[in-house]
Amino acid sequence: MCKILNRIKEYLDYKGIPVATFEKSLGMSNSSFAKQLKKGAAIGTDKLENILNNYPDLSPVWVLTGQGAMIINPDEPMASTLPSSSPIETRPRIPFDAAAGSLSLAIQGVSSADCEQIPVIPTLPRYDFSIIVSGDSMSPEFMSGDELACAFVHETSFIQWGRAHILDTAQGVVLKKIFDRKTSILCRSINSDYPDFEIPKNDIYHLAIVVGLIRHF
């Protein structure tokens, strides 16, 4: 069951917005949202962002997590004391998938200027960026389409061996549970259909631990 789509429908009912009007405002084909809702289909992050941009009083946190208020109230005392130009805190979404099934094509890293900036999800632990999972090697813990919140690991002494990490390597980007092998890092999938492999430590540019996820049902 797609909880995000159900929450969006709850918002439409609350506002008295017909589904057909909603679909038209977003440039969606007729009955497409209704069909997705009926099938319990997933909603892509691009469509979700389009919805939030067109309906700014709809709380992103509530849509994603069900927590907090559904409607953003600009008349709340806390909001009214903030300058209208106050920047929204964001984090970059890395513009390529985490290759959960195997190492992807060579990527030499991406600067923050090249990344889409996404509002911070306050219910998640502190994170530096998010990235979308691709493949099924880390299922069922991490599913294809999940958006992972990740925090950079700057000191090797802080690496939490055995936990899931994103590795930006000379061979590409990969999501795996990692284990220390002196001069290399052993990468292990959760799905037993995928074999372990090792990456030389010298071939790793960045390392980030997965601290949370958003599941786009």
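This passage describes two helices, two nonpolar cores and one loop residue in a predicted model.

Helix α3 spans residues 32-39. Its buried residues are Ser32, Phe33 and Gln36. These residues cover an arc of only 100 degrees around the axis, which puts them on the same side of α3. Other helices contribute to the cover over these buried positions, including α1 (3-15), α2 (19-25) and α4 (45-54). The face turned away from the buried side carries Lys35 and Lys38, both exposed. Just after α3 comes glycine 40, with a positive phi of about 70 degrees.

Helix α4 also has a buried side. Thr45, Leu48, Ile51 and Leu52 are buried in this helix. Seen down the axis of α4, the buried residues fall within an arc of 120 degrees, so they line one face of the helix. The cover over them includes both helices and strands: α1, α2, α5, β1 (90-93), β4 and β5 are among the elements involved. Exposed residues Asp46 and Asn53 sit on the face of α4 turned away from its buried side.

Two of the buried residues of α4, Leu48 and Ile51, recur in the largest nonpolar core. This core holds 24 residues. The members that touch the most other members are Ile8, Phe22, Leu48, Ile51, Tyr55, Leu58 and Val63. At least two core residues come from each of α1, α4 and α5 (60-65). Helix α1 supplies the largest share, five residues. Apart from this core lies another, of 14 residues, with Ile94, Cys150, Ala164 and Ile166 among them.

Valine 63 illustrates the contacts made by one member of the largest core. Leaving aside neighbours within four places in sequence, valine 63 is in contact with Ile4, Arg7, Ile8, Leu48, Leu52 and Leu58. Of these partners, Leu48 and Leu52 are buried residues of α4.

Aspartate 136 lies in the loop between β4 (129-134) and β5 (147-152). Both of these strands are among the elements covering the buried residues of α4. Aspartate 136 counts as partly exposed because its relative accessibility is 37%, between the limits of 20% for buried and 50% for exposed. Not counting residues up to four places away in sequence, aspartate 136 touches Asn191 and Tyr194. Asparagine 191 is 55 residues from aspartate 136 along the chain, yet their C-alpha atoms are separated by 7.3 Å.

Conventions. Residues are numbered from 1 along each chain as its sequence is written. This is a predicted model: local features need pLDDT of at least 70, side-chain atom pairs count only at pLDDT 80 or more; totals for chains, interfaces and linings use all residues. Side-chain values use heavy atoms; hydrogens and water are left out. Buried means under 20% relative accessible area, exposed over 50%, partly exposed in between (1.4 Å probe, protein chains only). Helices (H or I, at least four residues) and strands (E, at least two) are DSSP runs, numbered from the N terminus. The arc is that of the directions from the helix axis to the C-beta atoms. Contact means heavy atoms within 4.5 Å. A nonpolar core is a set of buried Ala, Val, Leu, Ile, Met, Phe, Trp, Tyr and Cys residues joined through side-chain atoms within 4.5 Å.
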